[in-house]
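Me: I would like to work through this structure step by step. Please reply formally and explain how each answer is reached.

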Amino acid sequence: MKERLFRLKKGVIIVKRTVVIGLGNPILSDDAVGVKVARQLRVALIDSDMIEIKELYAGGMRVMDAIAGFEKAVIIDAMQTGLHKPGTIRLIDSAELGSARNLASSHDTNLPTALELGRMLGLSMPRDVKVFGIEAFDVENFSEALTEDVERSMPEAVNMILKEVMP
Amino acid sequence: MKKRISIDPITRLEGHGKIEIFLNEEGDVANTYFQVPELRGFEQFCKGRLAEDMPVITNRICGVCPEAHHLASVKALDALFDANPPGAAKKIRELLYSAFYVTDHTTHFYALGGPDFIVGPDAPPSERNILGVIRKVGLDIGKAVIECRSRNHHVIEMLGGRSIHPAAGLPGGWSKSVSEEERKEIAEIAKKNVDFALFTLKAFGDIVLKNPAYLELVTSDIYLHRTYSMGTVDDKNRVNFYDGMIRVVDPEGIEFVKYPSKDYAKHIAERVEPWTYLKFPYLKKIGWKGFVDGIDSGVYSATPLSRLNVSDSMATPLAQEEFERMYQTFGSKKINNRFQPIHHRLATHWARLIELLYAAERMVELANDPEITSPDVRRIPERIKGIGIGSVEAPRGTLTHHYESDERGVLTKVNLIVGTTNNYAPMTMSIKKVAERLITKGNVVEEGMLNRIEMAFRLYDPCLSCATHSLPGTMPLTVTIKDSTGAVVRELKRQ
């Protein structure tokens, strides 16, 4: 499968077991936060044999495609609940997935459906799927920059994900 | 007598698609308003950038149809830089685009629009999705859908450089040619696509058309609107997704106008309404008469059904057979030796499958065209004209990119009319019609109301993400019903 990269290291084939997916629109202000966190993680995990980082700009079945074949998946997306201060990072449970901007707003299926679909079809779906949401302030203006509070949350977001994928 | 209702200044909506229904004193529907939040600043975002960056900027507007934006953008640049691409480049673009159409229309049918029929419009939302479809028709179908997406994403990657956001488009051509090995692989994939399209059409026939309840729904007048139709056609008046002239036919099927995309501003104007940021395109020469049907109203539709309505025939043989079958099923008569348009909006789902078949057959044609492996894929631009307009048929409707630049190629103006925007007025009308059926004399038929309104949306397959450049969504929807004093009578919410 394309999603799993095999690296030959000292004669041993290493299989990447964890995938981290940064989800978002890179030119829509805070909607880009998931993608930007993924980019920073890519730098932090550059020598990792076990963790694959991906950037995705659409949810639905593309997420299913991207996580197939991995044992663990961590997804980062912008949220707009209106209930938390912008920049707040939270582990989202499945009940709240409707507020994840790109995960929920798919043109085909949402994440729980996509996961079930994958399992139904015998695509190897991860046993462990975690979704981190970062509360956005502005997701309505085109811009390549994050707003201040969201920008300031990035180091903490990166650390939280690192702890999650490398306990 | 209808009481005049004053509408409150628009409050900005956060994260929800909103429909507001206003009742008159008798408790019947007076007006319906469809509101979406707005994304702002795209033109500002683009001004000052290099025009040649636009194909990789605009393909990020939306993760659903980046290919459409990429190609419309590249065509606008062809015009801006006055560089007509070599034949092979155009064919490669069209081949990539056809593969994209196969994935898009397959996904829409099995995951979004199809479930309404295959599982049923009154089934719970948790079942009205691809899982419900699979439970009904079998696991093999699910696997076939995934396989179809996968092999066509592979084609897009081969031709376009990246799977989700193609990046190979250049003013005057394409950045890579196709090898013989790639061509062979694509030709094989194209054949599989044709088989799958035929299978899907048969499934639609068996499940939908042979079911009296569904057939009644499809042919009923609840989703019937007699408007003008718009689509892009080749020199034989057959739909072409990549290139051609934009053709508009009236509700009876008589050609109203045919124009090259660069003349769009002569024919299309945009209506601004106080209750939404979205603009409503309409035919300038007819004029804006409100959200009404008919030959005297400038409202038009641009959907898969519209595209077939403006076509005299299909450019590929199997699709042509299906085209004839559909129009005959609806009892469509011929005028000037062409079928009169179908206005039953649910037929859009059928039209979409005919387009799926056409896209697959077109892939076979292009993959077997000797010019497709030509190394001559680029004409280097030599000058900047300063204005460039390019359009393609996006799955959701005619998509137009309009760029203006200075003598260095730095953008000074950007205007986009995206697929769904064309249909905003018809969508509003469809919602109103459903509401009128389900609300009379103040009685609201709640059961299934939300579903039937959503069905009106789904057939247009709106990409609200693009249309206002709004918040994406399928769709946390709130329907608010207000009486003639403006008080909220009922609020229906989809979480």
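**The sheet of chain A and its surroundings**

Reply: In this predicted model, five strands of chain A form an open sheet of mixed pairing, in the order β4-β3-β5-β7-β6. Each edge strand pairs on one side only, and these edge strands are β4 and β6 of chain A. From one strand to the next, the twist averages 20°.

Me: Which helix of chain A packs on the sheet, touching β3, β4, β5, β6 and β7?

Reply: The helix must be in contact with β3, β4, β5, β6 and β7 (128-135) of chain A. Its direction makes about 165° with that of β7(A). The helix that meets this description spans residues 148-165 of chain A and is α5.

Me: How many bridges join β3(A) to β4, and how many join β3(A) to β5?

Reply: In general, the strands of a sheet pair through backbone hydrogen bonds, either parallel or antiparallel. Strand β3(A) runs parallel to strand β4 (residues 51-56) of chain A, and β3(A) also runs parallel to strand β5 (residues 72-79) of chain A. The bridges to β4(A) number six, and those to β5(A) number five.

Me: What is the bridge partner of A:Gly22 in β4(A), and what is that of A:Ile21 in β5(A)?

Reply: The pairing of β3(A) can be followed residue by residue. On the side of β5(A), A:Val19 stands opposite A:Ala73, and A:Ile21 has A:Ile75 as its bridge partner. On the side of β4(A), the bridge partner of A:Gly22 is A:Glu55.

Me: Is the β-α-β crossover from β3(A) to β4(A) right-handed or left-handed?

Reply: Between β3(A) and β4(A), which are joined by six bridges, the chain passes through helix α1 (residues 33-44) of chain A. Viewed with the strands pointing away, a path that runs clockwise from the first strand over the helix to the second counts as right-handed. The crossover from β3(A) to β4(A) is right-handed.

Me: Are the residues of strand β3 of chain A buried or exposed?

Reply: A residue counts as buried if 20 or more other C-beta atoms lie within 10 Å of its own. A:Thr18, A:Val20 and A:Gly22 point one way from β3(A), while A:Val19, A:Ile21 and A:Leu23 point the other way. Strand β3 (residues 18-23) of chain A is mostly covered, and six of its six residues are buried.

Me: Why is A:Thr88 described as partly exposed?

Reply: A:Thr88 lies in the loop between β5 and β6 (89-92) of chain A. Exposed residues have 12 or fewer other C-beta atoms within 10 Å and buried ones have 20 or more, with partly exposed residues in between. Because A:Thr88 has 17 other C-beta atoms within 10 Å, it is partly exposed.

Me: What percentage of the residues of chain A count as buried?

Reply: Chain A has five helices and seven strands, and along the sequence they follow the pattern β-β-β-α-β-α-β-β-α-α-β-α. Among the contacts in chain A with a separation of 6 or more, residues 24 or more positions apart account for 74%. Of the 167 residues of chain A, the share that counts as buried is 52%.

**The strands and domains of chain B**

Me: Which strands are the edge strands of the open sheet β13-β14-β15 of chain B?

Reply: Three strands of chain B form this open sheet, with antiparallel pairing. Eight bridges join β13(B) to strand β14 (residues 397-405) of chain B, and B:Val392 stands opposite B:Leu399 in β14(B). An edge strand here pairs on one side only, and the two edge strands of chain B are β13 (387-394) and β15 (411-417).

Me: What supplies the largest share of the side of domain 1 of chain B that touches domain 3 of chain B?

Reply: Taken over C-alpha atoms, the centres of domain 1 and domain 3 of chain B are separated by 25 Å. The contact takes ten residues from domain 1 of chain B and seven residues from domain 3 of chain B. On the side of domain 1 of chain B that touches domain 3 of chain B, β2 (29-35) and α14 (424-438) of chain B each supply at least two residues. The largest share, four residues, comes from α14(B).

Conventions: Residues are numbered from 1 along each chain as its sequence is written. Chains are lettered from A and ligands numbered from 1 in the order in which they are written. This is a predicted model: local features need pLDDT of at least 70, side-chain atom pairs count only at pLDDT 80 or more; totals for chains, interfaces and linings use all residues. Two strands pair if DSSP finds at least two bridges between them. Two residues are in contact if their C-beta atoms, placed from the backbone, lie within 7 Å. Domain bounds come from an automatic or database domain assignment. Axes are lines fitted to C-alpha atoms, for helices over the stretch in contact, and angles run from 0 to 180 degrees between N-to-C directions.
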